[in-house]
Amino acid sequence: CSVSTSCQNTQSHEPSIKQVNINAEAMQALQLLFNDYFEIKNALVNDNLEEAQNSSASFLDNLGKINMSLFKGQAHQVWMDYSSQAKQALQHVAHFQDIKEMRKAFQSLSNTMIGLAKSFNPSKETMYIQHCPMADSNKGADWLSLSDEIRNPYFGASMLTCGNVKEEL
């Protein structure tokens, strides 16, 4: 399976991720994306579609400003793949009419950001991969968090603490 596809077999849906070193400038550029990502996540936790859309617009803006030449060698192809997936995940968010559409896009974005985090390790802070077994019509879905406390972006207030920490990065 690729990062952008949803797999029926939930036991082995993670792609093999190769860790790649990047320079400080590339790391700094990625940190802006992660900041925007966490703002999107927090808006969804708070059931706030407009805030999630605004943070998504900021994410896309920052994504577009990243100079791909910052990523050298193997890192370049990894970056090109993930940046394309992130752009694709959020390309229509401005037109979303309800939060369910936004949460579906966030699921795809989360898979991409988890791949970026594992490939480039762009943060000095600990990040947690968290999982909700009920998201995505009970297929389950993951997201990143800076806290080990569960605050579910897929259900917001209706099931705020549904989920568990799957992995620590």
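This report describes a three-stranded sheet, the helix packed on it, and the residue D142 in a predicted model.

Residues are numbered from 1 along each chain as its sequence is written. Because the model is predicted, local features need pLDDT of at least 70 and side-chain atom pairs count only at pLDDT 80 or more, while totals for chains, interfaces and linings use all residues; side-chain values use heavy atoms, with hydrogens and water left out.

The sheet is open, and its three strands run in the order β2-β1-β3 with antiparallel pairing. Its edge strands, β2 (141–145) and β3 (164–168), each pair on one side only. On average, neighbouring strands of this sheet are turned by 35 degrees against each other, direction ignored. Helices (H or I, at least four residues) and strands (E, at least two) are DSSP runs numbered from the N terminus, and two strands pair if DSSP finds at least two bridges between them.

Five antiparallel bridges link β2 with strand β1 (residues 128–132). Y128 is placed opposite S145 of β2. Helix α4 (residues 99–120) packs on this sheet and touches β1, β2 and β3 (contact: heavy atoms within 4.5 Å). The direction of α4 makes about 55 degrees with that of β2; axes are lines fitted to C-alpha atoms, for helices over the stretch in contact, and angles run from 0 to 180 degrees between N-to-C directions.

D142 lies in strand β2. The side chain of D142 has these polar contacts:

| Side chains joined | Polar contact |
|---|---|
| D142 and H131 | 2.5 Å |
| D142 and K166 | 2.6 Å |

A polar contact is a pair of N or O atoms within 3.5 Å; within protein, one must be able to donate a hydrogen and the other to accept it, and residues adjacent in sequence count only if both atoms are side-chain atoms. D142 is buried, with a relative accessible area of 6% (buried: under 20%; exposed: over 50%; partly exposed: in between; 1.4 Å probe, protein chains only).
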